[in-house]
Amino acid sequence: MTHKAAVATGLDQPLEILDIGIDEPHAGEVRIKMGASGVCHSDLSVQNGTLMSAFPVVLGHEGAGVVEKVGEGVTHVKPGDHVVVSWVPQCGECYFCTRNQGELCERANTAMATGGLLDGTYRFDLDGAPLAQMAASGTFSQYSIIPASGAVKIPDDVPMPVAALIGCGVLTGVGAALNTADIAKGDTVAVVGCGGVGLNVIQGARIAGADRIIAIDQNETKLAMAKQFGATDTVNASQVNAVSQVMEMTEQRGADVAFEVIGLQQTIDDVITMTRRGGQAILVGVPRMDVMVQLPAFMGLVLQEKTVKGCWYGSSNVHTDVTKLIDLYKKGELKLDELISREISLDEVNEAFDAMKTGEIARSVIVY
Ligand code: PAD
Ligand code: ZN
């Protein structure tokens, strides 16, 4: 069987829409007819080499679709079920999963490292040669095969584009605020970078009960969106110094919790500096390999009792958090429709990358 997918053929190459082959699902796997896929900055980061990957590779990791066929031994989903694709398939049984740190699932590592599935072998092919898929997902494709542990069943009435966004930006952003960080009622939170993920950190912080949410971006359109998602104050980092502004707004203390959601050396340094003594700096953005966390151990960390914490996939347990997020969406507490700046077709994916580079839009969503 062949179908269309957006393939990154090499570093810095535009994606090509190609006819690719797909296997049958092996034991413990499911084949999915993709319904929608968001375009996340991490997709761009594979294309430009920030995130390491095998090439050629089918990008896309923020998706949802309908189960079309299941492999041997798969019982928790059946053909016709709607699912969100989890880009960390969480086995539920390993050291990390049993300690409620499924985002670090041991069994997912092989897929992450090889661009294959859990056993490191491939289900896509390009003219008979193995073709990698990003993060056991490969959602820029009409069909994909994923580990069954990465197929999270959802109700049929959730629109596919919304379900897709839950798969990365929403789980990561809202999870960063609700799971990774410890936000107390009344806290002042700063969020640096208000893209598809950062806007979700903002709404997560609002749900966690933060009093003041300072949104920082260099794009006015994003700052306006940030207000819609719950920011109480905005700072345009292209016009003023973000650190001094946050200090001024907090009687020179700094924010109780500050999030970095871009992945740049400067903004990582800034977020650590703008965090108050005893506060938490949460790093969400995926930086290039040479970016460092830089701070003096005594004056910066010990004396100040600061926490600097990484955040992977919003520290989410996908098997329980997806349902929680859908409930919040249905209650009107989580804005998800508003995240969708434009719905596009698969062959417009390169334009979606361009739009993301300008920082103008929250999310482009490919609808199949
Ligand atoms: P995005 O491109 O939608 O948003 C980035 C935002 O940052 C835009 O609004 C820009 O205007 C803004 N920005 C860029 N440079 C600056 C600057 N110097 N100062 C202020 N604002 C700036 O990206 P996204 O929201 O899809 O992803 C954000 C990051 O999160 C990115 O690095 C992505 O790879 C990472 C990510 N991490 C995880 C994880 O598990 N840790 C998951 C998903 C995405
Ligand atoms: Zn993503």
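In this predicted model, the centres of domain 1 and domain 2, taken over C-alpha atoms, are separated by 28 Å. The domain assignment of the protein chain gives residues 2-170 + 315-367 to domain 1 and residues 182-310 to domain 2, and the contact takes 20 residues from domain 1 and 17 residues from domain 2. Between them the two domains bury about 1600 Å², with 55% of that area on carbon and sulfur atoms. On the side of domain 1, the residues that lose the most area to domain 2 are Thr50, Lys335 and Leu339, which together account for 30% of what that side buries.

The nonpolar interior can be followed next. The largest nonpolar core has 83 residues, and the members that touch the most others are Phe140, Ile183, Ile202 and Phe259. Helix α3 (residues 160-180) supplies the largest share of this core, 12 residues, and the core draws at least three residues from each of domain 1 and domain 2. A second, separate core of 18 residues includes Val192, Ala242, Met247 and Leu283. Returning to Ile183, and leaving aside its neighbours within four places in sequence, one finds this residue in contact with Ala177, Val189, Ala205, Ala208, Ala210, Val257 and Phe259.

The zinc ion (ligand 2) has as its protein donors Cys40 through SG, His61 through NE2 and Cys168 through SG, at 2.0 to 2.3 Å from the ion. Along the sequence, these donor residues follow the spacing C-x20-H-x106-C. Cys40 lies in the loop between β3 (29-38) and α1 (41-47), while His61 lies in the loop between β4 (57-58) and β5 (62-70), so that this pair ties together parts that are 21 residues apart in sequence. Cys40 and His61 are both buried.

Strand β4, which precedes the loop of His61, also leads to the start of the chain, since 2 bridges join β4 to β1 in an antiparallel arrangement, with Val57 in β4 standing opposite Ala8. Strand β1 (residues 2-8) pairs as well with strand β2 (residues 16-22), in the antiparallel sense and over 6 bridges, and here Lys4 stands opposite Asp19 in β2. Of the 7 residues of β1, 5 are buried, and the strand is therefore largely enclosed by the rest of the structure.

Note on methods: Residues are numbered from 1 along each chain as its sequence is written. Chains are lettered from A and ligands numbered from 1 in the order in which they are written. This is a predicted model: local features need pLDDT of at least 70, side-chain atom pairs count only at pLDDT 80 or more; totals for chains, interfaces and linings use all residues. Side-chain values use heavy atoms; hydrogens and water are left out. A nonpolar core is a set of buried Ala, Val, Leu, Ile, Met, Phe, Trp, Tyr and Cys residues joined through side-chain atoms within 4.5 Å. Buried means under 20% relative accessible area, exposed over 50%, partly exposed in between (1.4 Å probe, protein chains only). Helices (H or I, at least four residues) and strands (E, at least two) are DSSP runs, numbered from the N terminus. Domain bounds come from an automatic or database domain assignment. Contact means heavy atoms within 4.5 Å. Donors are N, O and S atoms within 2.8 Å of the metal (3.2 Å for Na, K and Ca); water is not among the atoms, so sites may look incomplete. Two strands pair if DSSP finds at least two bridges between them. Buried area is the accessible area (1.4 Å probe) that two parts lose on being put together, summed over both.
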